[in-house]
Amino acid sequence: MNEKVKCLIVGSGPAGYTAAIYAARANLSPVLYEGIQPGGQLTITTEIENFPGYPEGVSGFDMMEDLKKQAQRFGTDVRRGIVTDCDLSNKPYKVTIDSETEVETESLIICTGASAKYLGLPDEQKYNGKGVSACATCDGFFYRKKTVTVVGGGDSACEEALYLAGLASKVYLIVRKDYLRASQIMQDRVFNHPKIEVLLNTNTLGLFGEDVLEGGHFVRFAGQSEEEKFDLAIDGFFLAIGHTPNSAVFKHFLPTDENGYIKTIWGTTRTTIPGVFAAGDVADPNYRQAVVAAGSGCIAAIEAERYLNNTCL
Ligand code: NDP
């Protein structure tokens with residue numbers, strides 16, 4: 001017989017655990033599946049210094065462990081497992097875990113997050129947390145008065161480059177085409193910033209460094225007659241080439257925007273299906289901050305509680 005639960009939460013970042021804390025305290029007996037990256041994206045950042053309440057900062061790993069303990073303290077059943085399928089066509093909703101376990105649930109809170117895109121170079125893994133980062137807001141502070149590169153030519157890359165330019169002594173923006181895709185206003189700010197140098201038609205070949213990142217190998221006009229390879233001495237290598245929301249498994253039932261973010265009703269975490277909520281980065285193309293995700297997890301749990309008690313859709 002399939003298991004039946006009142007409130008199923010999938011994903012274990014700040015949104016998932018905050019939803020779990022609130023749902024557990026509301027007597028919804030939540031079951032939370034941790035997903036592909038237990039603890040979410042924060043477990044791979046170095047230190048979090050912008051989450052309110054930690055004046056000395058906190059390691060991402062420690063903060064997620066604390067959130068997990070807090071969720072468990074109030075009775076959340078935290079389990080290992082990944083959602084591999086779902087059927088949201090009828091109530092109770094059916095969610096398949098690891099292709100074998102089916103859970104039926106009266107309400108579902110989707111907090112599966114988003115994953116930053118990487119170039120796919122083996123060196124990105126090697127120097128992850130030692131110079132390579134996909135979040136300038138999280139890690140930029142460690143690069144004060146240092147030299148960094150930002151890869152990408154969209155609004156995120158420009159935003160990250162400008163943010164880093166307020167800290168670092170030099171920022172190279174590595175753009176693979178001969179133009180930036182970013183909005184004109186962001187481009188103007190980047191091109192006019194004295195600390196930012198834009199390198200167009202440029203791709204990254206690899207990274208180097210003894211223990212931590214010391215530099216990168218780049219190529220300009222790859223494969224063309226004017227091809228030129230060069231190295232840059234850098235302390236930080238930031239990726240800003242987009243994020244992929246982890247929504248694929250739900251797409252058949254829930255509308256997403258053109259980039260795959262689950263659409264929610266403005267100002268809420270409600271989706272088009274009553275009793276199904278989406279919180280955190282999987283539904284947030286704009287902010288992607290832990291504190292915002294935690295806030296939306298709280299909203300989702302309150303909305304789930306109201307839905308289950310028939311006090312609101
Ligand atoms: P985008 O998809 O807009 O841009 C991604 C950038 O990364 C592009 O320049 C792309 O290059 C480049 N890129 C992708 N893959 C690679 C690769 N393998 N190697 C090198 N470069 C690569 O993503 P963003 O995250 O910048 O923006 C997402 C959405 O969010 C956009 O709609 C944006 O406008 C919006 N946004 C708005 C902000 C604001 O208004 N303040 C701030 C941040 C984002 P190419 O152009 O060659 O494809």
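Which residues are closest to the ligand, and how many surround it? I started there, bearing in mind that this is a predicted model. I got 13 residues around the ligand, with Gly153, Asp155, Ser156, Arg176 and Arg181 the closest.

Next I sorted that shell by residue class. It splits into 5 charged, 5 polar and 3 nonpolar residues.

Then I went through some polar contacts to ligand oxygens. Asp155 puts a polar side-chain atom 2.6 Å from an oxygen atom of the ligand. For Gly153 the backbone does the job: one of its N or O atoms sits 2.8 Å from a ligand oxygen. I also noted Lys177, where a side-chain N or O atom is 3.1 Å from an oxygen atom of the ligand. I checked coverage too: on its own the ligand has 900 Å² of accessible area, and the protein covers 69% of that.

On to the nonpolar cores. Nonpolar side chains tend to be buried together in soluble globular proteins, so I looked for where that happens here. The largest core has 53 residues, and the members touching the most others are Leu8, Ile9, Leu108, Ile109, Ile110 and Phe250. Helix 7, residues 290–308, gives this core its largest share, 8 residues.

I picked Phe250 for a closer look. Skipping neighbours within four places in sequence, I find Phe250 in contact with Val10, Val83, Cys86, Leu108, Ile110, Thr112 and Ile262. Two of those names, Leu108 and Ile110, are already on my list of core residues that touch the most other members.

Last entry: there is another core apart from the largest one. I count 22 residues in it, including Ala168, Ala182, Met186 and Val190.

Technical notes:
Residues are numbered from 1 along each chain as its sequence is written. This is a predicted model: local features need pLDDT of at least 70, side-chain atom pairs count only at pLDDT 80 or more; totals for chains, interfaces and linings use all residues. Side-chain values use heavy atoms; hydrogens and water are left out. A nonpolar core is a set of buried Ala, Val, Leu, Ile, Met, Phe, Trp, Tyr and Cys residues joined through side-chain atoms within 4.5 Å. Buried means under 20% relative accessible area, exposed over 50%, partly exposed in between (1.4 Å probe, protein chains only). Helices (H or I, at least four residues) and strands (E, at least two) are DSSP runs, numbered from the N terminus. Contact means heavy atoms within 4.5 Å. A residue is near a molecule or strand if one of its heavy atoms lies within 4 Å of it. A polar contact is a pair of N or O atoms within 3.5 Å; within protein, one must be able to donate a hydrogen and the other to accept it, and residues adjacent in sequence count only if both atoms are side-chain atoms. Accessible areas come from the Shrake-Rupley method with a 1.4 Å probe; for residues, only the protein chains shown count as cover. Ala, Val, Leu, Ile, Met, Phe, Trp, Tyr, Cys and Pro count as nonpolar, Asp, Glu, Lys and Arg as charged, and the others, Gly among them, as polar.
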